[in-house]
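Biologist: I would like to go through this model with you step by step, and I would ask you to give the reasoning behind each answer before you settle on it.

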Amino acid sequence: MTDELSIRVERSFTAISPESWSRLSGASKACSTLAYNPFVSHAFLSSLEESGSATAETGWLGHHLLLETDRGELIGALPGYLKNHSQGEYVFDHGWADAFERAGGRYYPKLQCSIPFTPATGPRLLVAEGLPRLAIQNAIAENLKEVVRRLGISSAHITFVPDEEIGVFEMDGYLHRTDQQFHFINDGYANHEEFLETLASRKRKALRKERRAALENGISIDWLTGSDLTERIWDQFFKFYMDTGGRKWGRPYLTRKFYSLIGERMADDILLVMAKRDGRYIAGAINFIGGDTLYGRHWGCIEDHPFLHFEVCYHQAIDFALSKGLKRVEAGAQGEHKLARGYLPVTTHSAHYVAHAGLRRAIGDYLARERADVEHMSEVLGEHSPFRKGERQQED
């Protein structure tokens with residue numbers, strides 16, 4: 001490229017035009033370089049801000065890095081937020097903050113480059129279609145360090161980074177952290193029954209029994225997407241979210257307006273799995289539909305029934321993914337109970353730039369040990385998968 005490039009920090013995502021953002025790989029169904037990821041779409045990110053879910057008032061002050069030509073053309077981006085806490089991130093650094101502040105340092109504010117409240121791997125170093133991808137990614141990663149220095153803050157954290165991007169950050173001196181999730185990999189199964197046939201007999205029987213038990217007491221399941229997602233449906237789902245979210249987090253992160261906005265802007269990218277009993281919905285899970293992946297996010301209920309959580313969140317997600325030919329289901333953070341239901345351990349990645357040399361060295365030492373522990377745990381869990389010996393799925 002012959003254009004002069006510069007980095008700009010934009011505090012309001014709504015100030016970024018949907019048209020320019022849609023040309024970035026992965027952020028739009030029209031782009032072909034990467035599979036569409038709904039969480040980096042303009043519709044999703046703008047809805048978080050406009051709904052009051054991710055704003056300065058909630059501790060998520062937009063600091064989105066935009067790489068532009070001298071003609072003002074957006075050719076690369078990295079969504080980011082200046083934060084004064086570590087909530088809603090799913091990659092925990094509270095210990096780092098406590099240690100640094102006990103030593104007299106100031107950990108907050110920090111720059112968090114991620115999708116708020118969303119523990120899903122996806123493109124972070126976004127590049128416009130048809131441009132030299134690696135060169136632009138390197139430019140964004142390098143400029144991010146300069147932004148940290150210019151702001152005078154402690155660090156920048158890029159979480160849930162895809163495999164193909166983590167090397168860019170490592171080459172630029174970022175620390176590499178790993179963790180673990182559980183994903184279902186579609187090995188070309190025609191349906192759920194064909195998938196079950198690959199499991200050990202005892203596991204197969206247990207899951208069939210579990211699915212039957214979940215639907216006892218007259219419970220049925222509906223898949224709602226597109227025009228099915230009315231305001232009345234969102235009202236019902238929001239009750240589930242508030243009930244369960246209030247018990248798990250104290251204060252749920254997402255506002256009611258958020259659901260109205262995504263229902264208006266990206267309804268075809270959303271799947272609600274809703275459980276009904278006696279003519280009313282009693283539980284539901286929200287999923288987002290990507291180019292090749294179904295992303296399970298959160299669930300809620302107003303009645304407790306044995307195994308209903310597993311049915312609504314995991315089994316139904318597999319059914320939908322197989323029916324649509326999707327390659328995988330990502331079922332969110334944590335949860336070793338997913339292993340018995342055909343979700344295998346997968347390593348997730350994050351990158352961290354720490355300005356203070358002493359803190360950077362201490363965290364680097366810790367991460368080296370943590371990566372070894374994560375790798376060992378993945379091996380151990382992989383040996384306890386429900387698949388018949390010799391038929392265990394392989395991660396792409």
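Biologist: Let us begin with a proline: in which loop does Pro109 lie?

Modeller: Bearing in mind that this is a predicted model, I would place Pro109 by the elements on either side of it, which are helix H3 (94–102) and strand E6 (110–113). The peptide bond that joins Tyr108 and Pro109 is cis, with omega at about 0°. The position asked for is therefore the loop between H3 and E6.

Biologist: Where is Phe117, and is this residue buried or exposed?

Modeller: Phe117 is found in the loop between E6 and strand E7 (126–127), and its phi is positive, near 60°, in a residue other than glycine. The cut-off for burial is a relative accessible area under 20%. Because Phe117 has a relative accessibility of 6%, Phe117 counts as buried.

Biologist: What is the phi of Asn217, and in which loop is its place?

Modeller: The place of Asn217 is in the loop between helix H7 (201–214) and strand E10 (220–224). Although Asn217 is not a glycine, its phi is positive, with a value of about 65°.

Biologist: How far apart are the end C-alpha atoms of helix H4, and what span should its 19 residues give?

Modeller: Helix H4 covers residues 133–151, and at 1.5 Å a residue its 19 residues should span 27 Å. Just after H4, Gly152 takes a positive phi of about 70°. The expected span agrees with the model, because the end C-alpha atoms of H4 are 27 Å apart.

Biologist: Which residues of H4 are buried, and how does Ala135 count?

Modeller: Ala135 lies in helix H4, and because its relative accessibility is 49%, Ala135 counts as partly exposed. Its C-alpha atom is 9.7 Å from that of Val168, a residue 33 places away in sequence. The buried residues of H4 are Ile136, Gln137, Ile140, Ala141, Leu144, Lys145, Val147 and Val148.

Biologist: Which residues does Gly80 touch, not counting those up to four places away in sequence?

Modeller: Gly80 lies in the loop between strand E4 (74–78) and strand E5 (81–83), and its relative accessible area of 0% is why Gly80 is buried. Its C-alpha atom is separated by 42 Å from that of Glu193, which is 113 residues away along the chain. With the neighbours in sequence set aside, Gly80 touches Leu61, Gly62, His63, His64, Gln112 and Cys113.

Biologist: With which residues is Asn287 in contact, leaving aside its neighbours within four places in sequence?

Modeller: The place of Asn287 is in strand E12 (residues 280–289), and because its relative accessibility is 1%, Asn287 counts as buried. Its contacts, with those neighbours left aside, are Asp269, Ile270, Leu271, Val273, Leu294, Tyr295, Gly296 and Ala317.

Biologist: Turning to the whole protein, what is its radius of gyration?

Modeller: The protein holds 11 helices and 15 strands, and buried residues make up 58% of its 396 residues. Among contacts between residues at least 6 apart in sequence, 75% join residues at least 24 apart. A compact globule of 396 residues would have a radius of gyration near 21 Å, and the protein agrees with this, because its own value is 21 Å.

Biologist: How far apart are the mean positions of the positive and negative charges?

Modeller: The protein exposes about 16,800 Å², of which carbon and sulfur atoms supply 49%. There are 47 positive and 54 negative charges, and the distance between their mean positions is 5 Å.

Technical notes
Residues numbered from 1 in each chain as written. Predicted model: local features only at pLDDT ≥ 70, side-chain atom pairs only at ≥ 80, totals over all residues. Heavy atoms only, no water. Helix = DSSP H or I, 4+ residues; strand = E, 2+ residues; numbered from the N terminus. Rg over C-alpha atoms; globule rule 2.2 N^0.38 Å. Buried < 20%, exposed > 50% of the residue type's maximum accessible area, 1.4 Å probe, protein only. Contact = heavy atoms within 4.5 Å. Areas by Shrake-Rupley, 256 points an atom, 1.4 Å probe, with all protein chains shown as cover. Lys, Arg positive; Asp, Glu negative; His and termini not counted. Charge placed at Lys NZ, Arg CZ, Asp CG, Glu CD. Expected span 1.5 Å × (residues − 1).
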